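Dear colleague,

I am passing on the structure below, together with some notes on what I found when going through it. Please read them with the coordinates open beside you.

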Amino acid sequence: MAIGRITGQMLSANLARSGTDLAFETNLLALDVTNSRVGIGTASPATTLHISATDSLRLPSGTTGQRPGSPANGDVRYNTTLSTIEGYSNGAYANLASGASIKDADGDTKVQVEESSDEDIIRFDCAGSQIASITSSGLAFDTGKGITSNLTVTGNLTVNGTTTTIDSTTLTIEDPLIQLAKNNSGGDANTFDQGLFLNRGSLANVSFIWDESADEFAAAVTSGEDGTTAGNVTIDSYANLNANVVGGASFARAVTFNDASANDLDFRMESAAQTHAFFLDGSANAIGLHTSSPAYPLDGSGSTGAFRMPVGTTAQRPTGATGIIRFNSQTGQYEGCQDGSTFANFAIAGSAPTFTKETATGDGSSTAFSGFFGSAPENVNNVFVYIDNVFQEPTENYTVSGTTLTFTSAPHSAARIFAITGADNTALATGGVARSETSSVNFTSSATTIMSFNGASYRSAELYIQLTDAANTEYAAMKGVVVHNGTTAFITVSSITNTGSSDLAAITAEYDSGTVNVQAVSTGGVTAAKVQYSLAAV
């Protein structure tokens, strides 16, 4: 019998049935009266309680203190205090998530975690007896059944496919790859059978000879086993080198060359095309880069390249120290520290300061004109002050404090006061306009960069471009203005003047990964370009 939805009151007569199956909502709940079984989600229960579903069974849940008062073997619940599923068996609750042991069918081989209450020991039993245990101190084997304090290997030891042989004095791995030998007679640095040997017996041998009398490594031999062989490296305190290294060497620890300045020794490093890529001249107390005769503590005169200074933003400046130099990528300026704490920008060769005129009118009574200067001059002598076109003498006729101009006596009413500022180069130091000139660049029919600038530091540039076609004795001059928006560069070329009948080149601009490139394409043969330019900071 199946019961659908019943409206109104359900009578006992509807449920009091004998010998007849009963189902609610087809298989939501099914009573198999014949077999005394209950099904949930199935109309054909196969066991006393059969649940057919894909989600889960939710157990009773509560704290340790809420355990039922009269538990029975087989009770299962979720303990919210211990955050685990537990079951009642033989008079106590047990954690079903881990249990107390894992054992075989007859129980004589097992792993158990609680032989006695809260002992915190994992025990390993085989065939009825314990062979090992793990405590907070580590792994321990029972006497005679494993490692106690020493590992004893009889014959060869194979680790990950590598064969190792051991006898009373020598450990050999993949003979002759690695050999650790002990000289029982107690040798010194001249006895070459005690130490660590790599690839022993071949020309590529590297040996670390142990001097037992001095209790230190005495030598590392790069060929043969003779301390006088070419390539010998003497080590007098395990990691201090005191001789020339011939051949390749790799060190994974701190290395000191010529320890305690005991000898006048040179040190040289080669690159693929430079025999003195790095050269330490022991007698000159100098380091040469691409030169074998350094004349200064650091000498790069052997190279036609350049030194690259450390580069970083203002926020990345190191702690100030007298004499340090760096390039500020934020301001686009070279800067240095001359007082031990303050960084100052270096003026660029060819740069020109920006002069500014400041004006005011006298009222016959005021001597101080606050805010007269747009920015504070470096010094009273670095501004030129005039009253009615008459030059005023610094200090005697006026003083400067910040942006305030103060006269020793009040200018008359309607007096025309003006000053010229910029002689202290303040404008340049704070990102003003700089003027420079490029070297001559040849170009043909391919777009060639004739001038470029850092887009992160400068927003725009004013150009004066001179072109030379020497083969045809033709010349041209023009002006250009370049500006960028951080992704694209724009250029306008004007005032083009040619000695011939046509333009010598087409001028364009591009923005490439932070750099603005001004490029030229020749309309004829080989043409040379020289550019004078001014840059305006971002």
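In what sense, and over how many bridges, do E42 and strand E47 (residues 515–522) pair? Before I answer, please bear in mind that this is a predicted model. The pairing of E42 with E47 is antiparallel and runs over six bridges, and within E47 it is Val518 that stands opposite Met451.

These two strands belong to an open sheet of three strands, whose order is E42-E47-E46 and whose pairing is antiparallel. Strand E42 (448–454) and strand E46 (505–512) are the edge strands, each of them pairing on one side only, and neighbouring strands of the sheet are turned against each other by 20 degrees on average, with direction ignored. E46 and E47 also pair in the antiparallel sense, in their case over eight bridges, and Thr508 stands opposite Gln519 in E47. E46 and E47 form a hairpin with two residues between them, and Ser513, which lies in the turn, has a positive phi of about 50 degrees.

A separate point concerns the surface, where Leu28, Leu29, Ile40, Leu49, Ile51 and Leu57 form a nonpolar patch that together has about 540 Å² of accessible area. Of these residues, Leu57 lies in the loop between strand E5 (49–51) and strand E6 (61–62). Leu57 counts as exposed because its relative accessibility is 62%, whereas the cut-off for that term is over 50%.

With best regards

Technical notes. Residues numbered from 1 in each chain as written. Predicted model: local features only at pLDDT ≥ 70, side-chain atom pairs only at ≥ 80, totals over all residues. Heavy atoms only, no water. Pairing = 2+ DSSP bridges. Helix = DSSP H or I, 4+ residues; strand = E, 2+ residues; numbered from the N terminus. Axes fitted to C-alpha atoms, helices over the stretch in contact; angles between N-to-C directions. Patch = residues over 30% accessible without salt bridge, like charges linked within 9 Å, V, L, I, M, F, W, Y side chains within 5 Å. Areas by Shrake-Rupley, 256 points an atom, 1.4 Å probe, with all protein chains shown as cover. Salt bridge = Lys/Arg side-chain N within 4 Å of Asp/Glu carboxyl O. Buried < 20%, exposed > 50% of the residue type's maximum accessible area, 1.4 Å probe, protein only.
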